[in-house]
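Please open the model in your viewer and keep the sequence panel beside it, since each stop on this tour begins with a selection.

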Amino acid sequence: MATIDLSNIADFVANEGHGVKGLSEIGLQKLPKQYIQPIEERITTNTVILDDQIPIIDMSNWDIHNKLVSQKICNAAEKWGFFQIINHDISLEVLESVKDVTYRFFNQPTVEKNKHSKENSSTNNMRYGTSFSPKAEKVLEWKDYLSLFYVSDEEVAALWPCALRDEALEFLRNSEIVMKKLLEALMKGLNVKEIDESVLMGSKRINFNYYPKCPNPELTVGIGRHSNNSTLTIFLQDNIGGLYVKKLDNDMWVHVPPIHGALVIIIGNALQIISNGRYKSIEHRVMANGNNNRISVPIFVNPKPSDIIGPLRKVLESGEEPIYKQVLHSDYVKHFFRKAHDGKDTVDFAKIN
């Protein structure tokens with residue numbers, strides 16, 4: 001078992017690569033002060049609505065009920081920025097396999113996982129780490145992760161961890177079909193007949209998140225409140241729960257309950273910018289858990305780094321004033337990742353002053 005100097009936890013979890021999984025496994029009885037969130041950043045019963053839920057959309061018979069399903073997708077994107085889909089044609093076998101290999105990767109010895117850290121990886125397209133941005137954060141988040149940027153099948157075969165690469169690629173391929181259907185529906189809602197795949201889904205990233213059991217989970221967060229910088233996120237969660245989404249019209253939070261076989265769809269900041277604010281990216285966060293380990297696997301589809309994003313011309317044809325300026329997507333991404341999680345403040349980077 002790893003030993004730890006409690007005065008230098010950041011070195012243990014980040015620099016040595018043990019992560020919060022390493023902290024959890026040494027049997028800490030008390031949450032280290034580096035993880036204690038300010039009261040206003042914690043999820044409490046006073047800020048959670050129990051009798052509301054995000055939309056659940058049935059994707060079965062897509063070809064027959066395309067118009068009705070498309071309307072539900074657009075409505076959810078406008079009013080919630082979050083929804084779940086069922087009967088989406090990605091098999092349970094694919095979903096369960098990718099959950100299994102997430103545990104397989106994180107259950108490896110630290111030395112194996114740490115081969116994929118920023119300092120040790122042979123590519124910038126792959127990163128094993130902890131929290132979100134430890135050097136920028138005043139308080140750390142109770143999460144470890146592996147992030148894989150997809151470039152080509154050849155790079156996957158050569159560089160992605162063998163513990164999960166086949167299952168990750170299969171999930172990525174299956175999800176791409178679903179993403180295209182969703183984006184076609186969302187673009188039709190903007191009167192855009194053909195989707196520009198480069199701008200909407202020119203790049204892809206898959207993350208594997210691991211949230212180990214936590215002492216004093218009520219004092220910290222698994223992930224702090226934020227909105228995604230992507231076009232769309234397709235999000236696979238396990239059966240533990242803990243994902244919360246903020247309502248658009250108030251400061252209350254709604255739990256996103258796990259549904260067996262379902263996928264959570266999250267509108268990202270890039271789509272909010274492209275739609276000139278019609279589709280809403282929304283704050284969400286994850287609670288820590290004192291009883292169970294938890295995992296999730298999001299896939300982010302994004303514009304290419306070299307793409308310029310801004311409100312689509314078709315959206316502005318009616319005379320609608322642009323809310324956002326044209327920005328280089330790579331500049332926006334750099335802005336997003338150089339900061340700690342801060343709700344939706346990062347989307348203001350693209351706002352017209």
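In which strand does Ser203 lie? Select Ser203 and you will find that it belongs to strand S6, which covers residues 203–211; keep in mind throughout that this is a predicted model. With a relative accessible area of 6%, Ser203 is buried, because buried here means under 20%. If you then show what surrounds Ser203, leaving aside residues up to four places away in sequence, the residues it touches are Phe149, Phe300, Val301, Asn302, Pro303 and Lys304.

Next, select residues 202–303, where UniProt, in an unreviewed entry, places the feature "domain: Fe2OG dioxygenase". The C-alpha atoms at the two ends of residues 202–303 lie 5 Å apart, and the span is 42% strand and 6% helix.

**Helix H3**

Move to helix H3 by selecting residues 66–79, a run of 14 residues that reaches 20 Å from its first C-alpha to its last, close to the 20 Å expected at 1.5 Å a residue. Colour Val69, Ser70, Ile73, Cys74, Ala76 and Ala77, which are the buried residues of H3. Looking along the axis, you should see why they fall on the same side of H3: they cover an arc of only 160 degrees around it. What do these buried residues pack against? Their partners are strand S2 (56–58), strand S3 (82–86), helix H7 (165–188) and strand S11 (263–267). Turn H3 around, and the face directed away from its buried side carries the exposed residues Lys67 and Lys79. Following the chain onward from H3 brings you to Gly81, whose phi is positive, near 75 degrees.

**Helix H4**

Now select residues 92–106, which make up helix H4; its 15 residues should span 21 Å at 1.5 Å a residue, and its end C-alpha atoms are 22 Å apart, which agrees. The buried residues in H4 are Val94, Leu95, Val98, Lys99, Val101, Thr102, Phe105 and Phe106. They sit on the same side of H4, because the arc they cover around the axis is only 165 degrees. Glu93 and Asp100, on the other side of H4, are exposed.

**An open sheet**

For the next stop, display the five strands that form an open sheet with mixed pairing, and trace them in the order S1-S10-S9-S12-S7. Strand S1 (48–49) and strand S7 (223–226) stand at the edges, each with a single partner strand, so one side of each is left without a neighbour in the sheet. Strands of a sheet pair through backbone hydrogen bonds, either parallel or antiparallel. Zoom in on S1 and strand S10 (residues 253–255), which pair in the parallel sense over two bridges, and pick out Ile49, which stands opposite Val254 in S10.

**Salt bridges**

Show the charged side chains next; the salt bridges come to eleven. Start with Lys115 and Glu112, whose side chains meet in a salt bridge at 3.0 Å, N to O. Lys115 counts as partly exposed at 44% relative accessibility, and Glu112 likewise counts as partly exposed, at 31%.

Then select Asp251 and Lys246, whose side chains meet in a salt bridge at 3.3 Å, N to O. Which of the two is buried, and which is exposed? Asp251 is exposed, with a relative accessible area of 58%, whereas Lys246 is buried, with a relative accessible area of 17%.

Continue to Lys314, which forms a salt bridge with Glu317, the closest N and O atoms being 3.5 Å apart. Lys314 is partly exposed, with a relative accessible area of 41%, while Glu317 counts as exposed at 57%. Add Glu41, Arg225 and Glu283 to Lys246 and Asp251 in your selection, and you will have one network, joined by salt bridges that share partners.

**A last selection**

Finish at Lys193, which is found in the loop between H7 and helix H8 (197–201) and counts as exposed at 80% relative accessibility. How far apart are Lys193 and His116, C-alpha to C-alpha? Drawing that distance in the viewer should give 41 Å, for a pair that is 77 residues apart in sequence.

Definitions and conventions: Residues numbered from 1 in each chain as written. Predicted model: local features only at pLDDT ≥ 70, side-chain atom pairs only at ≥ 80, totals over all residues. Heavy atoms only, no water. UniProt positions renumbered as here; feature names shortened; annotations may be inferred. Helix = DSSP H or I, 4+ residues; strand = E, 2+ residues; numbered from the N terminus. Expected span 1.5 Å × (residues − 1). Buried < 20%, exposed > 50% of the residue type's maximum accessible area, 1.4 Å probe, protein only. Arc of directions from axis to C-beta. Contact = heavy atoms within 4.5 Å. Salt bridge = Lys/Arg side-chain N within 4 Å of Asp/Glu carboxyl O. Pairing = 2+ DSSP bridges.
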